[in-house]
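User: Please take a close look at one helix in this model and at what packs against it. I would like a single connected account, residue by residue where that helps.

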Amino acid sequence: MVKKEINHESTSLQQLRDKIGWLTTSVQLAIAALKMCNRYTKHAKDQEQMLYENFELDPTIYDKLNQPVKQYEPLEILVQHKQVHAALGQLYEFFSNYLHDIVDEIKKYKPENMLHLLTKKQLKEFSLALPQIQALGSVERIQNAVLEQYFCKLHQTQHTQDLFKKLITHTRITIDSHISWRCLGFLTLRNLLVHNKGILDA
């Protein structure tokens, strides 16, 4: 009898991998199309011809391609840069959603595990008033109320880097420092592109 292989990956991770796969395909296809267009323009006899004419496209639909063929190469470089910037933005969004999905999965399947992992210092961040404790009436309900506070607070974390660090700290997961450094590096790069136009502060 063949043993069925057990998939230990979370649904969140599988969804993230699918999203990244489709994004990678889209970016590669767009860049490949740009390179094909480059070959097409190099064979154009009239370098003053508009791009939509060279590509035999309807100018009423592709009205933004009203630039001469000779301008194609700098335009291609600009579009590639924009593609990469947009892809980084989407990757950031995917990863941010992934972290929040992890929080939801922990809450759904093993919420009590987080309570055991929290340190006394972390538990002090959450509090219940005496009337609330009396109304809840049992240790189990009190624990659930504290956990609800905890998960709400995690979801309210605005910065993806902060949520990433909190999940690592609170779940006590060990991640190779090189992987963690690369991950935070990409998140920082995205913030640099979005909030500071790619310019490093002096």
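Analyst:
**Helix α1 and its surroundings**

In this predicted model, the side chains of N38 and E76 are joined by a polar contact of 2.5 Å. N38 belongs to helix α1. Its contacts, leaving out residues up to four places away in sequence, are Y72, E73 and E76. N38 counts as buried because its relative accessible area is 11%, and the cut-off for buried is under 20%.

The helix that carries N38 runs over residues 11-42, which makes 32 residues. From the first C-alpha to the last, α1 reaches 47 Å, close to the 46 Å expected at 1.5 Å a residue. Along α1 the buried residues are S12, L16, L23, V27, A30, L34, N38 and T41. The cover over these buried residues includes α2 (51-54) and α3 (72-109).

The residues of α3 can be taken one at a time, beginning with A87, which is placed in that helix. A87 touches L23 and V27, again not counting residues up to four places away in sequence; L23 and V27 are both among the buried residues of α1. A87 is itself buried, because its relative accessible area of 12% falls under the 20% limit. Between A87 and I20 the separation is 67 residues in sequence, but 9.5 Å in space, C-alpha to C-alpha.

Another set of contacts involves Y98, which touches S12, L13 and L16 when residues up to four places away in sequence are left out. Of these, S12 and L16 are listed as buried in α1. Y98 is also one of the residues that touch the most other members of the largest nonpolar core, together with F95, L99, I102 and L167. That core has 15 residues. Two or more of its residues come from each of α1, α3 and α8 (160-171). The greatest share is from α3, which gives eight residues.

There is also a second core, separate from this one, with six residues. Its members include A44, F55, V69 and Y72. Y72 has already appeared above as one of the residues touched by N38.

To draw the parts together: α3 is among the elements that cover the buried residues of α1, and both helices give two or more residues to the largest core. N38 touches a member of the second core, Y72, and has its polar side-chain contact with E76.

Notes. Residues numbered from 1 in each chain as written. Predicted model: local features only at pLDDT ≥ 70, side-chain atom pairs only at ≥ 80, totals over all residues. Heavy atoms only, no water. Helix = DSSP H or I, 4+ residues; strand = E, 2+ residues; numbered from the N terminus. Expected span 1.5 Å × (residues − 1). Buried < 20%, exposed > 50% of the residue type's maximum accessible area, 1.4 Å probe, protein only. Contact = heavy atoms within 4.5 Å. Polar contact = N/O pair within 3.5 Å; in protein donor to acceptor, adjacent residues only side chain to side chain. Core = buried A, V, L, I, M, F, W, Y, C linked by side-chain atoms within 4.5 Å.
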